[in-house]
Amino acid sequence: MDRKKNISMAVIKRIPKYYRYLKELAENDVDRISSNELSEKIGFTASQIRQDLNCFGDFGQQGYGYNVKELLAQISSILGLDKEYNTIIIGAGNIGQAIANYTYFQRMSFDLKAIFDINPKLIGLRIRDVSIEDIDNLESFIKNNEVDIAIICVPKERAQGVCDIITSSGIKAIWNFAPVDLKVPNDVIVENVHLSESLMTLSYLLNESKITE
Ligand code: NAI
């Protein structure tokens, strides 16, 4: 596949939406779909879809549209979902437990290997089949196991400290739920998830729509 470098972040952020819709189409045994039909479902224009997918290679066929299974396989590969990732969660509170209990991530190829917490009452408990370990074991666990992604779910005052242990132990990808901008070495990727920012956008739009009524 002819993959082009320097694809814009805006395109990359749209790719998971293609994945979601194509997966649903494949599960419903839809064999092929035109960019116009895909446009109606996804809400992007047909030309946007063609442009986005062209960034990654020559997928569609004139007059035939896209082969759903093939496109899904290619998009999965673009997203790196054709591999397995070992993950750990640090902080087994509300958010940490919710993520650990969400089995869909497992099915998507993110395999939860361990959960760490500082609270003695939680250490030793299990969430699904994964045990909560003492935070003191975090460093040695990372060194002795292949961990690809660390998920930070500790209070914000603790997040940088946890992040430093994780990065100095060799982890290169962090999914950060703590509301803090983590300082990491250049070769470490951080993806922040802030539900509150999304909620604030919603409240802004709600108020804006009232003003323009
Ligand atoms: P919580 O208080 O229920 O859980 C935090 C857990 O971290 C506790 O079990 C605590 O024992 C543990 N912990 C504290 N220090 C630790 C350390 N040094 N090492 C290991 N474990 C440690 O809090 P909750 O509600 O789960 O929130 C967790 C984080 O997620 C907070 O930073 C919060 O602000 C953030 N949050 C983020 C959201 C988002 O959209 N990204 C939404 C809600 C919360």
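## A chat about C153, the sheet and helix α4

Modeller: To start with one residue of this predicted model, C153 has a relative accessibility of 13% and therefore counts as buried, the cut-off being under 20%.

Colleague: How far is the sulfur of C153 from the closest cysteine sulfur, and which residue holds that one?

Modeller: The closest cysteine sulfur belongs to C163 and lies 13 Å from the sulfur of C153, which is too far for a bond. A disulfide would need the two sulfur atoms within 2.5 Å, and by that rule the count of disulfides comes to zero.

Colleague: OK, changing topic: how is the protein divided into domains?

Modeller: Domain 1 covers residues 3-78 and domain 2 covers residues 85-197, and the C-alpha centres of domain 1 and domain 2 are 32 Å apart.

Colleague: And the sheet, what order do its strands have?

Modeller: It is an open sheet of seven strands with mixed pairing, and the order runs β5-β6-β4-β3-β7-β8-β9. Because β5 (126-127) and β9 (189-192) are at the edges and each has a single partner strand, one side of each has no neighbour in the sheet.

Colleague: Which helix packs on the sheet?

Modeller: Helix α8, residues 156-168, packs on it and touches β3 (85-90), β7 (149-152) and β8 (173-176), with a direction that makes about 170° with that of β7.

Colleague: Back to the edge, in which sense do β5 and β6 pair?

Modeller: β5 pairs with β6, which spans residues 130-134, in the antiparallel sense over two bridges, and V130 in β6 is the bridge partner of I127.

Colleague: What about β4, is that strand largely enclosed or left open?

Modeller: Strand β4, residues 110-117, has six buried residues out of eight, so the rest of the structure largely encloses it. β4 pairs with β3 in the parallel sense over six bridges, and with β6 in the parallel sense over three bridges. F116 appears in both pairings, since F116 is the bridge partner of I90, while E133 in β6 is the bridge partner of F116.

Colleague: Last topic, which residues of helix α4 are buried, and what do they pack against?

Modeller: In α4, residues 68-78, the buried residues are V68, L71, L72, I75, S76, S77 and I78, and they pack against α1 (9-27), β1 (32-33), α3 (46-54) and β2 (66-67).

Colleague: What is found at the start of α4, and what follows the helix?

Modeller: At the start of α4, a side-chain oxygen of N67 comes to within 3.1 Å of the backbone nitrogen of K69, and after the helix comes G80, which has a positive phi near 75°.

Key: Residues are numbered from 1 along each chain as its sequence is written. This is a predicted model: local features need pLDDT of at least 70, side-chain atom pairs count only at pLDDT 80 or more; totals for chains, interfaces and linings use all residues. Side-chain values use heavy atoms; hydrogens and water are left out. Domain bounds come from an automatic or database domain assignment. Buried means under 20% relative accessible area, exposed over 50%, partly exposed in between (1.4 Å probe, protein chains only). Helices (H or I, at least four residues) and strands (E, at least two) are DSSP runs, numbered from the N terminus. Contact means heavy atoms within 4.5 Å. A polar contact is a pair of N or O atoms within 3.5 Å; within protein, one must be able to donate a hydrogen and the other to accept it, and residues adjacent in sequence count only if both atoms are side-chain atoms. Two strands pair if DSSP finds at least two bridges between them. Axes are lines fitted to C-alpha atoms, for helices over the stretch in contact, and angles run from 0 to 180 degrees between N-to-C directions.
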